[in-house]
Each structure stands twice: as structure tokens, then as C-alpha cells.
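User: Please take one part of this model and go through its strand pairing in detail. I would like a connected account, with the cut-offs stated.

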Amino acid sequence: MENSKTNRVSGRPPHYNLWVGVFFVIMAVGIGLFYVATQRISYNWRWNRVPLYFAYEDVVEIAAEMDGEVESIEISGDEAIIKVTDGKEVQAYSVPKNSVKVDEKEIISYGDVLGSYSKWKPGLLIIGLWLTLKLSVLATILGIIIGVAGGIARLSSNPALKWTTMIYVELIRGSPLLVQILLWYFVIGTVVNDLMAVYGLGRIPTFWYGVASLACFAGAYVTEIVRAGIQSIHRGQTEAARSLGMSYAQSMYHVIMPQAMRRILPPLAGQFISLIKDSSLLGIIAIRELTKAAREVVTASLQPFEIFMMCAVLYLVLTFTLSMFVQHLERRMATS
Amino acid sequence: MIEANDVNKTFHVPQEVKALVNVTTKIEAGEVVVVCGPSGSGKSTFLRCLNRLEKADSGHIWIDGIDVLDAKTNINKLRAEVGMVFQSFNLFPHKTVKENITLAQKVVRKRSRDACEQKADALLKKVGIQDKSNAYPDNLSGGQQQRVAIARALAMDPKVMLFDEPTSALDPEMIGEVLDVMKTLAREGMTMVVVTHEMGFAREVADRVIFMDEGAIVEVGTPEHFFTNPTHDRTKLFLSQIL
């Protein structure tokens with residue numbers, strides 16, 4: 001009796017625990033079916049090979065840079081100092097002591113290996129993930145700047161601003177991102193790089209055309225989100241701010257945008273989660289982001305399913321982190 | 001202090017409405033003028049034209065010698081001198097009560113933080129809600145919100161205060177507390193233009209009552225004249241409906 005009362009107070013539907021159970025059953029069945037499916041296909045799963053593409057141990061060899069004789073090998077701590085002389089000049093090489101490949105008084109020639117050490121290097125998937133992260137962060141920041149400016153311009157009464165923004169939004173939203181990326185790189189990129197060459201400047205790296213195309217694409221959507229956000233703030237807010245003597249810019253900055261920001265945060269998060277995934281198209285202009293890196297790994301390893309599933313998991317890590325971060329922001333804004 | 005000369009305003013959307021027709025009047029410094037009339041009579045539009053929240057189509061408006069409708073007039077500077085209180089309060093919901101009052105002082109008047117806060121504290125005391133200074137507007141009653149809105153407008157040290165139906169959105173038991181603040185202001189000699197249906201306030205505080213109908217000023221007079229001896233039939237009809 002007591003228990004059912006507290007249940008009603010907390011707003012739990014009847015048979016709450018039963019439905020929690022149903023949830024877990026659905027999850028278990030889903031995962032189980034997926035597992036069965038993976039076993040049914042004739043595919044040799046080799047998950048143990050996957051960590052290699054996150055990080056691997058690389059052996060770096062140290063070679064002599066002159067012909068001559070090994071004069072001495074001195075051990076100091078974990079390192080061995082190998083001194084090589086050709087009678088006139090002495091060169092010293094430091095190698096790990098248990099990797100020494102030469103003896104004292106040995107005659108060596110240029111390029112002979114004296115020793116080696118191993119070093120952990122990031123695998124292709126991690127390099128790709130890092131590039132995707134960089135692309136997404138930069139494009140997000142630029143996209144927000146474009147979107148806020150665009151949203152305000154879209155609501156301006158100046159026809160040049162208003163109509164330009166409308167055309168921008170419609171063109172970008174209505175055409176495939178893939179085409180936009182190609183245009184950014186092969187058309188705009190060619191023109192810009194030609195111009196840079198005329199003034200004796202170097203080429204702009206492909207990376208930046210990738211960032212520009214994503215930012216421009218996201219900016220169009222953010223423009224509409226910001227516009228809707230500003231319009232959702234009651235006109236009385238602007239009137240109150242303006243009647244106190246604030247300029248348009250001041251009332252936007254102090255009164256309208258802070259309120260609009262709260263409302264547009266959830267759709268904005270959705271937009272930038274899309275942006276992270278859209279960055280996978282940048283492989284087409286030879287930016288080695290996560291998907292392109294994964295495709296290269298697949299070519300080398302012949303393990304398409306493991307690698308692509310891993311690739312998806314890495315995207316999930318990025319999008320989920322972003323999602324959590326935005327939820328945290330929303331909570332913070334709600335309390336302030 | 002305020003002079004309106006032959007002001008006209010027509011709204012075209014959603015349909016053509018003549019909101020103001022040849023409105024001419026003069027309000028002296030220190031005067032309290034109540035503008036009343038049936039809904040749609042143009043009284044709010046008149047008030048909003050005074051600080052150019054609505055732009056009059058033709059005519060002239062001067063406030064303290066400044067031409068409101070002149071495109072060369074720095075409207076932000078003028079508005080800082082003209083406080084306005086709205087029917088729906090329009091407090092900034094993302095700022096605390098105190099921040100509501102300090103924001104424009106800081107941004108427009110460029111006062112120091114200390115000066116802003118001292119002013120805010122003094123005004124909150126004046127309107128009787130100093131204990132709510134760190135609350136957010138949503139946690140205040142309507143009457144309290146409107147008093148904060150009055151304090152926010154007063155913080156700019158305006159020369160004129162415009163009230164646009166300040167008590168119409170309030171529950172009846174909260175009207176008194178807002179009117180009390182307005183009465184105090186009137187006694188202190190503030191120039192006030194008040195659009196309201198509170199005839200008790202008009203009778204008690206107003207120096208003059210302006211009665212508007214269909215965009216035009218129908219009758220102007222002292223409250224005594226207005227309530228006991230109105231000359232126009234439309235004024236009589238209005239009074240019979242409202243009293």
C-alpha cells in the first residue's frame with residue numbers, strides 16, 4: 001500500500017518493473033540476433049588484429065653515416081655509446097644497449113645498422129580520428145559564426161542582407177554536400193591557389209577546403225536554427241531593451257541572443273552531430289579523415305567488417321561526447 | 001515637455017486601420033496625464049509613437065525639445081530619457097531582478113558597477129521588493145514583476161515615464177501595489193503619461209485626462225471635468241460603460 005502510493009507520486013506507470021524487464025529483453029534479443037548474424041556469414045573474424053591500427057610498435061634503426069672502424073662501445077645506463085672513426089674524424093651514436101649490432105674494432109661502411117630502438121606510433125585509425133576531430137571542431141566553430149551572422153542577416157530588413165542569406169541557405173540546403181565539397185576543392189580551390197601563386201604565396205592545404213565546405217554547409221542549417229530561435233523570443237523583449245536606450249546590437253547581444261541560445265542548443269547539437277558524420281565525405285578530396293583512413297586500412301588488412309565497425313564506434317565516441325557536452329550545457333543554462 | 005502636433009499613423013497589416021488621426025496635444029513637465037478610451041482607440045499607439053517604438057506617418061513629436069521623428073535624432077539617446085512600462089512587464093527572464101535593473105545602466109549609461117548596484121538597491125527599496133533582488137522574474141508575482149519593470153525604467157533617470165496599461169495583466173489583488181508605486185512617483189513630480197482603465201487612479205492622481213476614440217483625441221480635461229461633466233456623447237458613453 002505504502003509502496004504503490006510513492007509510485008504514484010513519482011509518476012511511474014503501472015507495472016514499471018515489468019516494462020524495465022521488457023527493455024532489457026529487447027536489448028538482449030537485438031544483440032543476440034546481431035551476434036548470430038555475424039557468425040552465420042562466412043567471414044573469418046579477427047578482432048585481435050584491430051588494435052594494431054590504433055597504435056603499433058615501430059622499429060627505428062640507427063645507421064652509420066660514414067665508412068670506418070668501431071673505435072669503442074661504452075655502456076652508460078641503458079644506452080650504449082658507439083664511437084666510429086675513419087682515422088681523421090670521430091662520430092658518436094647512442095643506441096639502446098641490448099640492441100647493439102656491431103663489435104669493437106669491426107670495419108663498417110656507410111649505412112650499416114648499429115642498433116635499433118622501438119617506439120609506439122599512432123595507428124591509421126587514430127590519425128584519422130584526430131583529423132576528423134580537428135575538422136569537426138573547426139567547422140563547428142566557423143559554422144556557428146556563419147550561422148549567427150546569417151540568422152541575424154536573415155531577419156534584417158535590408159534586402160541585400162536578407163535575400164543574399166535566403167539564396168545562400170536554399171542553395172546549400174538544397175544541393176548534395178558531396179558536390180559542394182568537389183566545387184570547394186576543384187573550382188574555388190583552383191582559383192584561390194592560382195591567385196596565391198600570383199602573389200608568390202604557397203598553396204592552401206586541402207584540409208582547409210574541407211573545413212570551409214563543412215562550415216559553409218553547417219552554416220546554412222545553423223542560420224535557419226538561429227533565425228527560428230530569435231523569432232521565438234517575444235517581441236516585447238526587444239521593445240523593452242530598445243525602450244531603455246539600447247542599440248539594436250546591444251539588445252541582440254545582451255537580451256535576445258542569450259535567450260535564443262538556450263532554445264537553439266538542442267537543434268544545434270543535432271546539426272553538429274550530423275556534421276561530424278558528414279565529414280566522412282571529405283575522403284573524396286584526399287583528406288585522410290576517419291572513414292578514408294578506415295578504407296585504407298581495409299585495403300591493407302582485408303578485414304572490412306571489423307575495421308568499418310570500429311570506424312562506426314569511433315564516430316559514436318565523438319557524437320556521444322558532443323551530445324553529453326550539450327546536455328551538460330543545457331542543464332547549466334537551465335539553472336542559471 | 002512633450003508636444004505632439006498633428007500626428008497620424010495608419011496600420012496596413014492585417015487590414016488598414018487609422019490608429020492615430022491628427023493627434024495634437026501638449027504635456028508639461030511634472031504633469032500626470034491619463035490617456036483612456038475604448039480598446040482600439042489608438043491610446044497605446046500614441047504612447048508608443050512618443051518613443052518611436054511605432055513610427056508616426058506624419059506630424060511632429062518633440063520630447064524635451066528633441067524632434068522624435070527626425071531621422072537625425074539619436075533615438076537611443078532619446079529613449080534613455082523616456083522610461084516605458086509595458087502591459088506584459090517584459091522583464092528579461094534570463095537575468096535576475098537586480099541584473100534587470102543594472103543592465104541598461106551599465107550598457108547605455110556606462111555607469112560603474114558599484115553605481116549601478118547602488119541605484120538598483122535604492123530603487124528596489126523604493127518599489128518595496130529589496131528582498132527579491134537575486135530572484136528571477138519567473139519566480140515573482142505579476143505585481144512584483146511590474147514593480148521591477150518600473151524600477152528598471154527609473155534606473156535610467158528618465159525625464160518622462162510612459163505607462164502602457166501597466167495593471168491590465170495583473171490579478172485584481174495586485175493592482176493596488178503597482179498603483180501605489182505610480183502614485184509615489186507622481187507625487188515626486190515625475191512627468192507621466194499613463195494609458196490605463198483604472199479610473200480611480202485617474203481621478204486621484206491625474207492632472208489631466210485625455211479621452212481618445214477611433215484614433216482621435218475626443219476630449220481633454222481635468223479629472224473633475226472629465227468624470228462629472230463630460231461634454232462629448234462618446235465620453236459619456238465610455239464612462240457609463242466603464243464606471
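Analyst: In this predicted model, strand S3 of chain B runs parallel to strand S9 (residues 208-213) of chain B, and 4 bridges join the two. Strands are DSSP runs of E with at least two residues, helices are runs of H or I with at least four, and both are numbered from the N terminus. Two strands count as paired if DSSP finds at least two bridges between them. Within this pairing, Val35(B) of S3(B) stands opposite Ile210(B) of S9(B).

S3(B) also pairs with strand S8 (residues 191-195) of chain B, in the parallel sense and over 4 bridges. Here Val34(B) has Val194(B) as its bridge partner.

How much of strand S3 (residues 32-36) of chain B is buried? The count is 5 of the 5 residues, so the strand is largely enclosed by the rest of the structure. Buried means under 20% relative accessible area, against over 50% for exposed and the range in between for partly exposed, with a 1.4 Å probe and protein chains only. Both faces of S3(B) are covered. Val32(B), Val34(B) and Cys36(B) lie on one side, with Val33(B) and Val35(B) on the other. Val34(B) is thus buried and has its bridge partner in S8(B), while Val35(B) is buried and faces Ile210(B) in S9(B).

Chain B also has an open sheet of 4 strands with antiparallel pairing, in the order S2-S1-S4-S5. Strand S2 (17-27) and strand S5 (66-67) stand at its edges, each with a single partner strand, so one side of each has no neighbour in the sheet. S5(B) is joined to strand S4 (residues 58-63) by 2 bridges in the antiparallel sense. Across this pairing, Ile63(B) is opposite Ile66(B) in S5(B).

Helix H1 (residues 43-50) of chain B packs on this sheet. H1(B) touches strand S1 (2-11), S2 and S4 of chain B, where contact means heavy atoms within 4.5 Å. Its direction makes about 60 degrees with that of S2(B); axes are lines fitted to C-alpha atoms, for helices over the stretch in contact, and angles run from 0 to 180 degrees between N-to-C directions.

Residues are numbered from 1 along each chain as its sequence is written, and chains are lettered from A and ligands numbered from 1 in the order written. Local features need pLDDT of at least 70 and side-chain atom pairs 80 or more, totals for chains, interfaces and linings use all residues, and side-chain values use heavy atoms without hydrogens or water.
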